[in-house]
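Q: I'd like to learn how to read cavities and sheets in a protein model. Could you walk me through one?

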Amino acid sequence: MSNKILLVSERPLTLHSDWLRDIINQYITVELYELGKTYNKTSTIFYAPYYNNVNSELISTQQHFIDNGYKIVYDNLWECPVIDNKKYIIQQLEFFRYYESLWYKHLEYDAYQPNRSYKHLALMPMRLKKPHRELAEIKLQPWLDDFIWSYVDKGRQLPNDGDMNDWKTQRYFNPEWYNDTCFSFVSETLVINNNNNIVWITEKTAKPIAFRHPFVILGQMGILQTVKNMGFETFENLFDESYDTDPSWTNRLDILTNNVKQFQKHPYNSITEQKIKHNHELFFDKQLVTKWIVEEIIYPILEYAES
């Protein structure tokens with residue numbers, strides 16, 4: 001595409017990612033700011049991280065572009081969508097689904113073929129300390145010896161994990177975690193529904209979908225329905241999924257705890273295998289993911305550039 005618009009940023013942001021480059025570059029040029037370079041105001045947009053704190057200090061380069069009348073695109077793809085009518089913000093509820101799919105494929109994780117032992121009950125990765133995770137650790141205590149689990153903020157990592165301080169290992173994948181457990185107990189970032197009733201799904205839910213694992217989710221009310229609305233299967237054949245409609249997150253945790261208590265370790269039946277296969281294939285459908293990124297992220301940026 002000729003006469004592409006240019007997104008200029010002070011530092012690498014989401015759209016600089018290697019696994020997005022072949023999609024983005026067909027429509028938009030993304031590059032880092034060069035001191036002394038002249039930028040055409042009609043075809044250049046400054047690309048900046050979004051901060052909803054009005055007192056956040058702007059970097060001098062960003063302020064320069066604002067003062068000189070350039071359009072600004074703000075990246076909020078890594079956080080829960082917000083309402084801010086004063087800025088043009090790139091944000092997408094299903095962003096993690098798209099991004100993780102391309103990232104894992106880039107890392108060749110889509111080639112994973114399970115060699116299941118059903119040795120342990122569940123996989124439960126947790127990183128940041130949060131009240132719902134604190135209570136989950138207490139409620140699940142009777143079964144944690146049969147979990148493969150982490151709580152990084154409290155000094156516990158998954159066995160044979162990558163370096164948690166190295167961004168390059170942020171999506172480190174060890175097949176043994178999934179081979180040796182029967183299901184994932186997902187502890188999502190949010191458990192309380194906000195006033196906009198936005199149900200936000202992160203990489204925590206994407207992982208079992210990608211890595212051929214059944215799952216339950218300690219998250220916001222309606223998160224299972226949101227996963228289904230994306231086209232994925234959930235596992236009502238294995239678990240009591242009534243927790244998804246309970247307004248109280250502590251009640252949801254109680255139902256989830258009972259699911260853990262009642263679960264019997266055994267090889268998956270044909271229904272579970274079909275659901276796992278469907279989820280994996282849909283998650284890694286690059287043609288569909290590319291279509292959604294173009295339609296839901298790239299085209300709106302182009303429209304904003306022409307406005």
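Q: Which element gives the largest share of the lining of the second largest cavity?

A: Happy to help; keep in mind that this is a predicted model. To read a lining, list its residues and then see which elements they belong to. Here H3 gives the largest share, three residues. Helix H3 (95-106) and helix H10 (286-306) are the elements that each give two or more residues to this lining.

Q: Which residues line the second largest cavity, and how do they divide by class?

A: Leu15, Leu20, Phe95, Tyr98, Tyr99, Ile293 and Ile297 line this cavity, whose volume is about 40 Å³. By class there are seven nonpolar, no polar and no charged residues.

Q: What does the lining of the largest cavity have by class?

A: Seven nonpolar, two polar and one charged residues. Among the lining residues are Arg97, Thr202, Thr205 and Phe283. The largest share, three residues, comes from H6, and the volume is about 50 Å³.

Q: Now the sheet: what is the order of its four strands?

A: For a sheet, read the strand order, then look at the edges. The order in this open sheet is S7-S6-S8-S9, with parallel pairing. Strand S7 (147-149) and strand S9 (215-218) each have a single partner strand, so one side of each is left without a neighbour in the sheet. On average, neighbouring strands are turned by 20° against each other, direction ignored.

Q: How many bridges join S8 to S9, and which helix lies across them?

A: Four bridges join S8 (residues 181-187) to S9, and Ser187 stands opposite Leu218 in S9. Helix H6 (residues 203-210) lies across both strands, running at about 160° to S8.

Terms used: Residues are numbered from 1 along each chain as its sequence is written. This is a predicted model: local features need pLDDT of at least 70, side-chain atom pairs count only at pLDDT 80 or more; totals for chains, interfaces and linings use all residues. Side-chain values use heavy atoms; hydrogens and water are left out. Two strands pair if DSSP finds at least two bridges between them. Axes are lines fitted to C-alpha atoms, for helices over the stretch in contact, and angles run from 0 to 180 degrees between N-to-C directions. Contact means heavy atoms within 4.5 Å. On a 1 Å grid over the protein atoms alone, a cavity is a set of points where a 1.4 Å probe fits but cannot get out, and a pocket is an open set with protein on both sides within 12 Å along at least five of seven lines; lining residues have an atom within 4 Å of a point. Grid points are joined across faces, edges and corners, and a volume is the space filled by probe spheres set on the points. Ala, Val, Leu, Ile, Met, Phe, Trp, Tyr, Cys and Pro count as nonpolar, Asp, Glu, Lys and Arg as charged, and the others, Gly among them, as polar.
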